[in-house]
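Work through the exercises below with the sequence and the model at hand. Each task is followed by a solution in steps.

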Amino acid sequence: MWRTFFEICDYLVALIPSRKMRKKIRHEQLYDYRKKFNALRKIIPAHEFKHIRVIKGGWNIGFIINKKYVCKIRKFFDSNTPIEKIMREKRITDAFAKIVPFKIPKIEILESDGYTFYKYNFIPGINLNRFSLKTMKKHHIRWGKQLADFIYTMHNSDPTEIQDLKTDDGDGWNHNDICNNLILDKKSMKIIGLIDWEYSGWGKLETEIVNCTRFSKKLPKTGIDKIISQEYKKLEKKHPRS
């Protein structure tokens, strides 16, 4: 859907007489979609660059290529942004890839025409938010237990390779946007993956649990937040921190 939207809008913008206005709209409203698309095309083999789906959300737009991998980039990419800031998400996902119980993106950095893309393997499944409220209520206890386990594992881990990313205001590591990025296996109805780690960082446990439902219209109505809190407390009793 989004690819069609951007393609049509880009075509219509081309009909605007003012070059300055065309440039402004393409940058501010279309996020320089065409330039980024062409830049990515230069570094992806032609035989793979066939079935492309465009997604957008948060700070990024992304290109799902052949349901094989995803290439994403900031909507308002600034080539002057320090590479350390661009690679922040990669560093965090690399650190937690072997720690947390879900599949998470293994990020590779690609550069083309002055743009820096994040490339990672596509995790097949369905975003949790696409399910009906009825289905969510049916499975909320199972999901709540899975999320409590994930949050406990991540929040109580302290990878040495990202110590410099910690801040004073926090007591553990958070994903911070769980509810929008959970990938489920349709057959088993289990959570299998968690994507989009750009908001992750050192923070408060309370913030992580609140954000499990905060940005979803349906999840708050399921009571899953209570299940997460209850199960997390059980894990704390079972595995007390020294």
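**Exercise 1: a glutamate in a loop**

The side chains of glutamate 198 and asparagine 60 are joined by a polar contact of 2.9 Å. Such a contact is a pair of N or O atoms within 3.5 Å; within protein, one must be able to donate a hydrogen and the other to accept it, and residues adjacent in sequence count only if both atoms are side-chain atoms. The model is predicted: local features need pLDDT of at least 70 and side-chain atom pairs count only at pLDDT 80 or more, while totals for chains, interfaces and linings use all residues. Residues are numbered from 1 along each chain as its sequence is written, and side-chain values use heavy atoms, leaving out hydrogens and water.

Task: Find where glutamate 198 is placed and state whether it is buried or exposed.

Solution.
- Step 1. Glutamate 198 sits in the loop between strand 9 and strand 10 (201-203). Helices (H or I, at least four residues) and strands (E, at least two) are DSSP runs, numbered from the N terminus.
- Step 2. The relative accessible area of glutamate 198 is 6%, so it is buried. Buried means under 20% relative accessible area, exposed over 50%, and partly exposed in between (1.4 Å probe, protein chains only).
- Step 3. A polar contact of 3.3 Å links the side chain of glutamate 198 to that of lysine 72.
- Step 4. Apart from neighbours within four places in sequence, the residues in contact with glutamate 198 include Trp59, Arg88 and Glu89. Contact means heavy atoms within 4.5 Å.

**Exercise 2: the sides of helix 8**

Task: Compare the expected and actual span of helix 8 (residues 224-238), then say which of its residues are buried.

Solution.
- Step 1. The expected span of a helix is 1.5 Å times one less than its number of residues. For the 15 residues of helix 8 this gives 21 Å, and the end C-alpha atoms are 21 Å apart, which agrees.
- Step 2. Ile224, Ile227, Ile228, Glu231, Tyr232 and Leu235 are the buried residues of helix 8. They lie on the same side of helix 8, because they cover an arc of only 130 degrees around the axis. The arc is that of the directions from the helix axis to the C-beta atoms.
- Step 3. An α-helix has 3.6 residues a turn, so residues three or four places apart point the same way.
- Step 4. Lys226, Lys233, Lys234 and Lys237 are exposed on the other side of helix 8.
- Step 5. Helix 6 (133-155) and helix 7 (205-211) are among the elements that cover the buried residues of helix 8.

**Exercise 3: a sheet of 3 strands**

Task: What is the strand order of the open sheet of 3 strands, and which are its edge strands?

Solution.
- Step 1. The order is 6-8-9, with antiparallel pairing. Strand 6 (126-127) and strand 9 (191-194) are the edge strands, each pairing on one side only.
- Step 2. Strand 6 pairs with strand 8 (residues 182-184) over 2 bridges; two strands pair if DSSP finds at least two bridges between them.
- Step 3. Opposite asparagine 127 stands isoleucine 183 in strand 8.
- Step 4. Helix 6 lies across strand 8 and strand 9, at about 45 degrees to strand 9. Axes are lines fitted to C-alpha atoms, for helices over the stretch in contact, and angles run from 0 to 180 degrees between N-to-C directions.

**Exercise 4: two positive phi values**

Task: Where are lysine 67 and asparagine 176?

Solution.
- Step 1. Most residues other than glycine have a negative phi.
- Step 2. Lysine 67, not a glycine, has a positive phi of about 50 degrees. Lysine 67 is in the loop between strand 2 (60-65) and strand 3 (69-74), and is exposed at 65% relative accessibility.
- Step 3. Asparagine 176 has a positive phi near 80 degrees. Its place is the loop between strand 7 (172-174) and strand 8, where asparagine 176 is buried at 16% relative accessible area.
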